Amino acid sequence: MSKNLISIQDFSKDEILEILKMAAEFEENTCQPIFKDKVIASIFFEPSTRTRLSFETAANRLGARVIGFTDSINTSVAKGETLKDTIKMISNYADLIVMRHPLEGSARYASEISKVPVINAGDGANQHPTQTLLDLYSVYKTQGTLENLSISVVGDLKYGRTVHSLLQAMSHFNPVFLLTSPAELALPREYKEYLINKGIRFMETTNLTDVIPNSDIIYMTRVQRERFTDPIEYERVKNIYSLNASMIKGSKPNMKILHPLPRVNEIAIDVDESSHAYYFEQAHNGIYVRMAIITKLLKSL
Amino acid sequence: MEKHLKVSAIKDGTVLDHIPSDQLFKVIDILNLSNCINQITFGTNLDSKLLGKKAIIKIADRFFLDDEINKIALIAPQAKINIIHDFQVVEKRELSVPSEIKGIVKCMNPVCITNHQPVDTLFSTIYENNELKLLCHYCEKITDRQNLKIISKG
């Protein structure tokens, strides 16, 4: 395994499974201050609540000290410092860097400069590999396996980076994908070619109600207004890709609904009480997955 | 009729022939010929059976390494490289596309780190449906031939 976590594509099937196994162990025993002597830099060049707090919680539960910043406004970046110089400096201070940055490819670049491991906490619309690993952990926990599952991916399949990474990571485990989106937000050709090359079965539809009865996992994503050139088209589709309690009545007992959050109106509040709702637990799982990743990278030094 | 060279012969050096006319200045850029001190002659919009209009570059006393010259395969895959000694062609070389392209091509993704920070671009070359494409090492996006822009060293 590489000493960084930049892209989900860098991970083999065995490495993914190893991280999930470690995450399960951390969930059993959440307080393991094994890195009391370590400093972790949490550097966020753009704001994020969930991801940053999840990482910092994970670092704290491992006993590490956390330094960093939550946006670039009050840093030397605002004075025009290059990313190279910022990373060179911070890798002198910390034992590991967690970074979010709005530019795509910034994390890969940072890992080439840094002396210490880098975890990509999101590089623009490109990759967010810890989200993907917590998605996989959530699938594994709720289904008891990652193999041979029917996974519906719903909403914005064109721009959603969580969707693209999930498709790539799940492709190790012989899934069937039910791709459900308005035509404007269908999965881009290169990802369909990726699935075809890997021999993964998938079906495309615009009808959400059709896929619900056959799904083991329904992965919801936000359909954002700004993605549409025609505002009337947005008004037409925004409620079609919205789940409510009555729609999931006929679903499989093991079916779970995931969502990378924040949700807006794509999952109605009445779904929250259902045994199928899993999105808040999913976010909670992120802490254990991030503890596992930090541990794996710090121990490989 | 006597055969007459449009671009005069060189005694020793390298001749790059069968360059598409519209790619001539990109080839000059890629090979950094604007900063080359050797004698260089070139002609463009010459008649060509193969390309319609072609360009030719003759560089006296300069010989290129394969890695150097293969960079132009991106934009002029049919170019022919002739090595000249004493007015004679002593070697003909074919171009082959390198597996990695460093610092020549601009990534077409406007939010790629390489378009905002002083980072050399790096691509791996891939073929999709027999078409050459460049996969960015950083942002993981594809730049295809239609969108290929050369970073000018001028």
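Two residues are taken to be in contact if their C-beta atoms, placed from the backbone, lie within 7 Å. The exercises below concern a predicted model.

**Exercise 1.** Determine what covers the buried residues of H5(A), and whether this helix is largely enclosed or not.

*Solution.* Begin with the extent of the helix: H5 of chain A spans residues 129-143, and its 15 residues reach 21 Å from the first C-alpha to the last, close to the 21 Å expected at 1.5 Å a residue. Next, apply the burial criterion, under which a residue is buried if 20 or more other C-beta atoms lie within 10 Å of its own. By this criterion 12 of the 15 residues of H5(A) are buried, so the helix is largely enclosed by the rest of the structure. Among them are Pro129(A), Leu133(A), Asp135(A) and Tyr140(A). The elements that cover these buried residues include H1, S4, helix H6 (161-170), strand S8 (217-220), strand S9 (256-258) and H10 of chain A. Finally, look just past the end of H5(A), where Gly144(A) takes a positive phi of about 75°.

**Exercise 2.** Work out the strand order of the open sheet of 4 strands in chain A, and explain why one side of S2 and of S4 is left without a neighbour.

*Solution.* The order is S2-S1-S3-S4, with parallel pairing. Strand S2 (65-69) and S4 of chain A stand at the edges, each with a single partner strand, so one side of each has no neighbour in the sheet. Between S1 (residues 39-44) and S2 of chain A there are 5 bridges, and Ile40(A) stands opposite Val66(A) in S2(A). Helix H2 (residues 50-61) of chain A packs on the sheet, where H2 touches S1, S2, S3 (96-101) and S4, its direction making about 175° with that of S1(A). Helix H3 (residues 83-93) of chain A also packs on the sheet, touching S1, S2 and S3, and its direction makes about 155° with that of S1(A).

**Exercise 3.** Describe the side of domain 1 of chain A that touches domain 2 of chain A, and identify which element gives the most to that side.

*Solution.* Start from the division of chain A into domain 1 (8-127 + 286-299) and domain 2 (130-282), whose centres, taken over C-alpha atoms, are separated by 26 Å. The contact takes 17 residues from domain 1 and 14 residues from domain 2. On the domain 1 side, helix H1 (13-28), strand S4 (118-123) and helix H10 (279-299) each supply at least two residues, and H1(A) gives the most, with 5 residues. The last step is composition: the residues of this side divide into 10 nonpolar, 4 polar and 3 charged.

Definitions and conventions:
Residues are numbered from 1 along each chain as its sequence is written. Chains are lettered from A and ligands numbered from 1 in the order in which they are written. This is a predicted model: local features need pLDDT of at least 70, side-chain atom pairs count only at pLDDT 80 or more; totals for chains, interfaces and linings use all residues. Domain bounds come from an automatic or database domain assignment. Ala, Val, Leu, Ile, Met, Phe, Trp, Tyr, Cys and Pro count as nonpolar, Asp, Glu, Lys and Arg as charged, and the others, Gly among them, as polar. Two strands pair if DSSP finds at least two bridges between them. Axes are lines fitted to C-alpha atoms, for helices over the stretch in contact, and angles run from 0 to 180 degrees between N-to-C directions. The expected span of a helix is 1.5 Å times one less than its number of residues.
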